[in-house]
Every structure is written in structure tokens, then in C-alpha cells.
Amino acid sequence: MLQLSQCNIPCEKDSKEYLLHKVAKQFRLRPEDIKEFTVVKKSVDARKKPDIFFTYTVRFRVSEESRLVRKNRGNKNLTAVKREAKLEDQIERLQTKEKIVIVGAGPAGLFSAYYLSLCGCQAMLIERGANMEERTKEVAAFWEKEILNPESNVSFGEGGAGTFSDGKLNTGVRDTDGRKQFVLESFVKFGANEEILYDSRPHIGTDILRYVIVNMRKEMERNGCEFHFHTKLTGLDIKNGSVKKIYVEKTGERKEIPCDKLILAIGHSARDTFSMLHQAGIAMTPKAFAVGVRVQHRQEDIDFAQYGEKRKYLPVSAYKCTGKTRDGRGVYSFCMCPGGYVVNASSEPGALVVNGMSNEKRDSGNANSAIVVTVNTEDFEETGCLAGVHFQQKWEKNMYELCQGKIPVQCYGDFCQDRPTTQFGRVKPCVKGKWEMSNLRKALPKFIINGMIDGIEAFQKKIKNFNKEDTLLLGIETRTSSPVRIERNQDFTSISAGGIYPCGEGAGYAGGIMSAAMDGLRVAMKIAAQLRNEKAGNEEKHENTVEG
């Protein structure tokens, strides 16, 4: 198998057939001489507009491959591919009586449970929210009728907060053991488009992700994994330095569950669970995050700024902007959603928070992203591990009160002039949930207001018309990452108690679907390795006893 990288095709001529013929022509081959032709990576190169290309990495087979490599040894983009060991091929079945409980059915919890189920472990996954079918109806009722279920909403329930987001799968996490590929291939196995395997900015879409998660759960149940929805972790029983059982609440009834290993994949919005863990003596520290608002532009304006006249040949465009405020803080775009919606993502009564969401087709007509400013621990109004939680809650409450629970919307020009919006320009809101024109400045910290203006004016230099007066601002975005870190050892166990494994975004070790799923996998792999070592040690001890 050979691999060719940096293969550019004009965007207006993009097709697999054109790509195949170009590769064949480059090496003086006939197209029919090339076998097993597959795309490994695809990205857009728009650095030299108006000439815009798709850049491919492909793999293929031909006869006498070593001869072809020698003949083209000056071409650094052509290499022979070594056989890659897949993570799934390395999974060993285990026979264990260990009682493993996973808390949270977001990406970290799901993939830790999925891996353990493939290993033959009889794991139990508990989730405070509803299954996907119920949860989708509850979220729709909240958006349409403002009926909030604090236990099952955009933040809580099967699939986690990422279910009602853009479904982006890009990550900067280093992948030395195949976890990233395992996650992507698993998503495809359960119904995602195979393009996510090679797209440089892979994206599922919230509408498809819902079906993928359900298919994944059904497979895990066939493998022996138990799912318990509407089941909330409320307490720990720790004896002799290790967890022995947990306490849960299900439909108003308190129950206890024996537990040898507890994976905490609780998500970044489980504030009551953070409080419970703190009271139980689990070490946590406050951490920085970012706060801001969602901005909305017309998608065609973003596409024109990014691609120019060639935009009709290209998918809807995304962007990523970073900068510094005048007072030295970081300001950046976060969770950009091409062709998406701003959604009411509230999870607590009397508080409001927003997020961004896109369907697979990304065809809403508007682009949105969060423009957020770094909030350091020194900005918190109190000390203690939950100080960041309380900071978030204060400003979410203020934003809720601004429009009595509806999402406040303001034009950027009005925001800069500190006046409420009374009419829109060309950009109209694309929103899931009730909204109302307002003045967001009345419910934001001053340093966030100044930082967002600094950022938006700076990003205008990269994306033309980013700072147009009719650009919409919708607030507030506070849950960019967890406000706490649950401290853990190198073996991923809590520094406070054995058998407890904090992981994912809520524990402060991830940021997004992919990194959370990969962290959940990493924890599950460590547990499986520990169980194998324990089994091998017990078998050796038994053999020595018999021989003695």
C-alpha cells in the first residue's frame, strides 16, 4: 500500500474520478492499474484566492510498489504505508466480577462503557437524564413552551451536552495509541457518514448524532452493559480509602449500588454533583474558563469572506479566530457552527445559557460561534473549588432576568453604543427557543464586554465584515469548559479515594466530543489493563500455591 499526500485539485473539479486520474497521470499509470484507492484526508486550501484547492492524502495499491517508490524517490509526498495496528484488534476479553459503574452518558461515559463492554466487562452506566427518545421530546418542549426539566435537558441525558451541538469531531489531542481513529470508526459503524474518517474538520450534525448514540447503546446492551436513565448520583460510600458503593436517586427513591470501580464522566454542568463530591472529600480545584456571547452572521457573508466567488463549489465555511484584549486576556471564537442555530441550553431554573447547534446539512442560513474572553480564577468573587461555578451561576441568573428567561438578542452596533436593539438589519435570528430584543451589556461583566469588542474588531481583519453593525449577539455563553478539575493520579484515579476515575470534560480533562471520548477511552483502557494484571497475578499466585 502506498500513500500520496499534498495532492491538490481545483475546487470546481472535485471528484474521486478526477482525483484518481490525476494520481495515475502523475505516476504514468493507467487508472485501471490503481487498486484499493481510498481517501485518507481532505481539506480546503484557500490561502491563494481566487485559486482554491481541495488538498488530498490518498492510499492505493499497484503492482511492483517498491519499484514505483524507488523510481519516485525524489517525491517526499509518496511513501510506503506500514501496517497499522488498530485499537479494536488489540482488545482482549476479560472475565471479571468487578462491579464497574459509569456515571454520565456523554462521550466520555459512553466510550469508556463501550470499550469495557467489548472487553467483556459487565459495566453499569447510570445517567440522571432521559434516554435519547424521551430527551429529544423534552428539549423540544422546552424550546417551544419554555418547560424546563432540570434533570433532562440540553445538558443532561443520553449523549451528553454534545448531542445538541454542532457534532464537531476535530481535536488537538495527541493520539499515539489509535483512540481517535477508534472513536471515528465507531461513529461510522453506528450510522455516521464515512466522510468523518478523512475530513480535516469532521462533523456529524446533531440530527444524525442522535441516531448514532441510540445505535451505540443498543450494541452495548447486547454486549451486557446495563443502562439506567433518570438515575442521579447523590452520594459515595468510601471505606479504607476506596469506594465500596454509591447512592443514587431514581424517580424519588434512594438506592445503593455496590461499586468496585467508579468512572465519573459527569459533564461540565453537573454543579450539584460537584458540590456532593466536594462534601464527600474528593479533591477538586477551581480552573479558568471563558465567558462571552454567541455571534450570528449570514452564512453567505462568511462564505464570501472566506472563499470569494468560488464559494459555490465549496461546503459552508467555518472559521477560528484568536487574539488578545487590550488588558492582555485571551479572546477567541469557540464552537463555530456553520449553517447552525443558537440554542437555549439552560439546565437550572432561573438561569439562562446558550450554545450553538448544527444539523448535518448545515443549512439554516446563518453562521454562529461564541466569542469568549478568558476568565481567570482571580476574577472569581470568592475562593474555594466551587468559586467558578458560582461565578457562572451569577451571570446566567442576570441574563435570565434580563428577558424573563428568553434569549436576549442585540445588534453589534447597538451593543457598542450601549443601547437596546429595536430592529434588525440583514441578519435575522436563527434560534431554538424563545428570544427577545434587548441590551446584553446590562447582564455582562465589564471586562467581558470590553474584551468581546476588542476581539470582534480584531477578527474583522481576518474575516471581512465580521464587525458589521447588524451582526447579532445572543447571550450568555458560560460553559466553554468545566469550572473545576477533579484531581487525579497518573493512573487516572482520584487523589482522594481509590477506585474512582474522574474523566472527560466535567472533570476538567477534555473540551469537546472527541477529546472527551478519547479521555473516557483512556480511562477504560487503564482499568482493563489493571484487571488483566490482577488476573495474571492471581493466576501466578495460585500456581505457586499448587506447586508448594
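This is a dialogue about why certain residues in this predicted model carry the labels they do.

Trainee: Why is Met518 called buried?

Mentor: Its relative accessible area is 0%. The cut-off for buried is under 20%. Met518 therefore counts as buried. The residue lies in helix α12, residues 513–547.

Trainee: What makes Met518 a contact of residues beyond its sequence neighbours?

Mentor: Contact requires heavy atoms within 4.5 Å. Leaving aside neighbours within four places in sequence, Met518 is in contact with Thr171, Val173, Arg174, Asp175, Arg179, Lys180 and Val183. The C-alpha atoms of Met518 and Gln181 are separated by 9.7 Å, and the two residues are 337 apart along the chain.

Trainee: Why is Glu219 called buried, and what is Arg222 called?

Mentor: Glu219 has a relative accessible area of 18%. That is under 20%, so Glu219 is buried. Arg222 has 61%. Exposed means over 50%, so Arg222 is exposed.

Trainee: How do you know that Arg222 and Glu219 form a salt bridge?

Mentor: Their N to O distance is 2.9 Å. The limit is within 4 Å, so the pair qualifies. Both residues lie in helix α6, residues 206–222. They are three residues apart, about one turn of the helix.

Trainee: What makes Lys232 and Glu151 a salt bridge?

Mentor: The distance is 3.4 Å, N to O. Again the limit is within 4 Å, so the label holds. This pair links distant parts of the chain, 81 residues apart. Lys232 is in strand β8, residues 231–239. Glu151 is in the loop between α4 and α5.

Trainee: Why is Glu151 called partly exposed?

Mentor: Its relative accessible area is 27%. Buried needs under 20% and exposed needs over 50%, so Glu151 falls in between. Glu151 also belongs to a network of salt bridges with Arg128, Lys232 and Asp272.

Trainee: How many salt bridges does the whole structure hold?

Mentor: The search finds 38. One of particular interest here joins Arg294 and Glu477 at 3.0 Å, N to O. Arg294 is in strand β13, and Glu477 is in strand β22, 183 residues apart. Both residues are buried.

Trainee: Why is Lys287 said to have no salt bridge?

Mentor: The nearest side chain of opposite charge is Glu505, 8.1 Å away. A salt bridge needs a separation within 4 Å, so Lys287 has none. Lys287 is nevertheless buried. Its place is in the loop between β12 and β13.

Trainee: What makes the link between Lys287 and Ser481 a polar contact?

Mentor: Their side chains are joined at 3.2 Å. The limit is within 3.5 Å, so the distance fits. A polar atom of the Lys287 side chain also lies 2.8 Å from the backbone oxygen of Ser482. Among the residues that Lys287 touches are Thr377, Phe380 and Gly508.

Trainee: Why is β13 called largely enclosed?

Mentor: Nine of its ten residues are buried, so the rest of the structure largely encloses β13.

Trainee: How do you know that β13 pairs with β18 and β22?

Mentor: Pairing needs at least two bridges. β13 and β18 share ten, in the antiparallel sense, so they pair. β13 and β22 share four, also antiparallel, so they pair as well. Gln296 stands opposite Asn368 in β18. Arg294 has Leu474 as its bridge partner in β22.

Trainee: Which residues touch the most other members of the largest nonpolar core?

Mentor: Phe111, Tyr115 and Phe187, out of 55 residues. The largest share, twelve residues, comes from α12. A second, separate core of 47 residues includes Phe289, Val293, Val295 and Ile456.

Trainee: Why is Thr163 called buried?

Mentor: Thr163 has 0% relative accessibility. That is under 20%, so buried is the right word. The residue sits in the loop between α4 and α5.

Trainee: What makes the link between Thr163 and Arg135 a polar contact?

Mentor: The side chains are 3.4 Å apart. The limit is within 3.5 Å, so the distance fits. The Thr163 side chain also reaches the backbone oxygen of Gly159 at 3.1 Å.

Methods:
Residues numbered from 1 in each chain as written. Predicted model: local features only at pLDDT ≥ 70, side-chain atom pairs only at ≥ 80, totals over all residues. Heavy atoms only, no water. Helix = DSSP H or I, 4+ residues; strand = E, 2+ residues; numbered from the N terminus. Buried < 20%, exposed > 50% of the residue type's maximum accessible area, 1.4 Å probe, protein only. Lys, Arg positive; Asp, Glu negative; His and termini not counted. Polar contact = N/O pair within 3.5 Å; in protein donor to acceptor, adjacent residues only side chain to side chain. Core = buried A, V, L, I, M, F, W, Y, C linked by side-chain atoms within 4.5 Å.
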